[in-house]
Amino acid sequence: MNLAEMLTYADIGQLNRIASHYECECKPNSKHELIQGILTKLGRRDFFEQQVRNLPLPYRRFLNTLLFDERPYFGMEELIAAARQALDDEAEITPREMVTRLRSAGWLFNGSTNHTRYLFQVPADLKQRLSEVTSQHMRELIESTDEPAVYRDEGHLLGEDLKLMLRFIGSHEIVLNPEGVMYRRTQQQMIEHLHVAEPLLGKGGWRFGYGRFFKHYPDRLALLYDYAFYRKWIAEAGGLLVLTAKGEEALDIPTEEELIQLFRFWLRLYKGAVPNISSLIYWTSICAKSWVPQASLFEQIGPFIKPFYYDSPEAVFDKRIIRMLMHFGLLRVGEHQAAGTVVQMTAWGMRTAGCCSPPGTGAGKKKV
């Protein structure tokens with residue numbers, strides 16, 4: 001439902017709170033006048049844009065979470081959990097206060113049926129306008145640059161390396177250590193067998209939150225290993241790592257088709273540490289249609305990123321988003337003489353990012 005419909009179902013008490021929030025001059029006992037006053041105020045594009053842009057950061061994060069959530073209704077506890085996630089540690093407001101303010105601002109309404117009266121929903125047209133205003137604001141502030149002299153585009157190499165890893169496992173006797181991990185020499189041999197190399201992990205440091213084998217293997221290899229293990233293409237048996245019958249069959253799957261499945265798996269795998277990963281990918285696609293400095297991109301997207309234990313927002317953005325999008329072939333990364341590190345979404349990336357767009361906003365959401 002849109003805002004106008006939800007206002008008609010709202011009681012006069014909530015209508016007065018919304019009208020007061022936006023300083024509408026209406027008769028407090030006239031439901032019709034209250035509704036018209038609220039719609040007139042929020043219907044003005046300049047007024048709505050100002051309201052969105054003046055929101056404190058925790059509220060912007062909160063609304064961003066609701067914008068990208070596919071659920072049509074939320075329970076109070078679900079809203080409080082989302083609000084808590086949006087708050088900084090030093091915040092002086094409570095999650096419940098945030099929910100109350102959004103109700104007073106007309107962003108949240110109770111359902112209109114007996115089954116949904118204790119649940120809450122966001123008006124569909126406000127979600128659409130929020131997406132448009134945020135996109136426009138980001139694009140206005142983002143810097144742009146020309147194409148760098150040198151850039152890295154990995155294309156579909158991740159999908160090809162998945163098959164190369166399976167072939168390597170199938171053609172070698174791979175002994176695992178007591179922890180069920182490949183020895184460093186074997187890891188190095190496997191990586192040298194792939195198209196894209198990455199250094200082995202050094203000693204010390206905490207590594208967790210991004211998959212079962214993330215603490216044992218470099219980021220890219222850990223993702224490939226976790227995915228192959230999840231699909232039951234590889235197995236740990238009798239102290240050895242072996243290719244299964246399913247793994248042999250997987251060698252015949254088209255690379256692009258498997259890369260799509262791997263991308264979906266990656267979203268689920270990283271979502272525990274980066275709950276709003278879909279929105280970060282979508283906003284990156286909005287801002288980086290042409291070449292842009294990575295630092296400028298972070299200025300716009302960074303506020304939506306919360307630290308994850310040992311990972312600062314900058315590290316989450318650089319290592320967990322930008323670098324992995326590059327490995328998927330969704331993003332080019334280059335070095336510009338004047339702008340430093342620059343990035344641009346690929347055509348494949350723009351198509352794939354469609355699956356991360358806000359649901360129900362007409363933002364081009366596509367299945368991949």
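Me: In this predicted model, how are H2 and H7 oriented to each other, roughly parallel or roughly perpendicular?

Reply: The general idea is to compare the directions of the two helix axes, where angles of 65 to 115 degrees count as roughly perpendicular. Here helix H2 (residues 12-21) and helix H7 (residues 95-104) pack at an angle of about 90°, with their axes 8 Å apart, and H2 and H7 are therefore roughly perpendicular to each other.

Me: Which residues make the contact of H2 with H7?

Reply: From H2 the contact takes in Gln14, Arg17, Ile18 and His21, and from H7 it takes in Arg101, Arg103 and Ser104. Sorted by class, the residues of this contact are one nonpolar, three polar and three charged.

Me: At what angle do the axes of H5 and H6 cross?

Reply: The axes of helix H5 (residues 57-68) and helix H6 (residues 76-86) cross at roughly 135° and come within 8 Å. Because an angle has to be over 145 degrees to count as roughly antiparallel, H5 and H6 are oblique to each other, and the crossing in which H5 passes H6 is right-handed. On the H5 side the contact is made by Pro58, Arg61, Phe62, Thr65 and Leu66, and on the H6 side by Leu79, Ala82, Ala83 and Ala86; by class, these are seven nonpolar, one polar and one charged residues.

Me: How should I read a pocket, and what volume does the second largest pocket have?

Reply: Rolling a probe the size of a water molecule over the atoms shows where empty space is left. In this structure the second largest pocket has a volume of about 470 Å³, and its lining consists of 16 residues, with Leu201, Gly202, Lys203, Lys215 and His216 lying nearest its centre. The lining of this pocket divides into five nonpolar, six polar and five charged residues.

Me: Turning to a single residue, where is the place of Leu243, and which residues does Leu243 touch?

Reply: Leu243 belongs to strand E6 (residues 240-243). Leaving aside residues up to four places away in sequence, Leu243 touches Leu166, Ile169, Gly170, Trp233, Ile234 and Glu248. As for Phe68, which is 175 residues apart from Leu243 along the chain, the C-alpha atoms of the two are separated by 38 Å.

Definitions and conventions. Residues numbered from 1 in each chain as written. Predicted model: local features only at pLDDT ≥ 70, side-chain atom pairs only at ≥ 80, totals over all residues. Heavy atoms only, no water. Axes fitted to C-alpha atoms, helices over the stretch in contact; angles between N-to-C directions. Helix = DSSP H or I, 4+ residues; strand = E, 2+ residues; numbered from the N terminus. Parallel < 35°, antiparallel > 145°, perpendicular 65-115°, else oblique. Left-handed = near helix turned anticlockwise from the far one by under 90°. Contact = heavy atoms within 4.5 Å. Nonpolar A, V, L, I, M, F, W, Y, C, P; charged D, E, K, R; others polar. 1 Å grid on protein atoms, 1.4 Å probe; cavity = no way out; pocket = protein on both sides within 12 Å on 5 of 7 lines; lining within 4 Å. Points joined across faces, edges and corners; volume = space filled by probe spheres on them.
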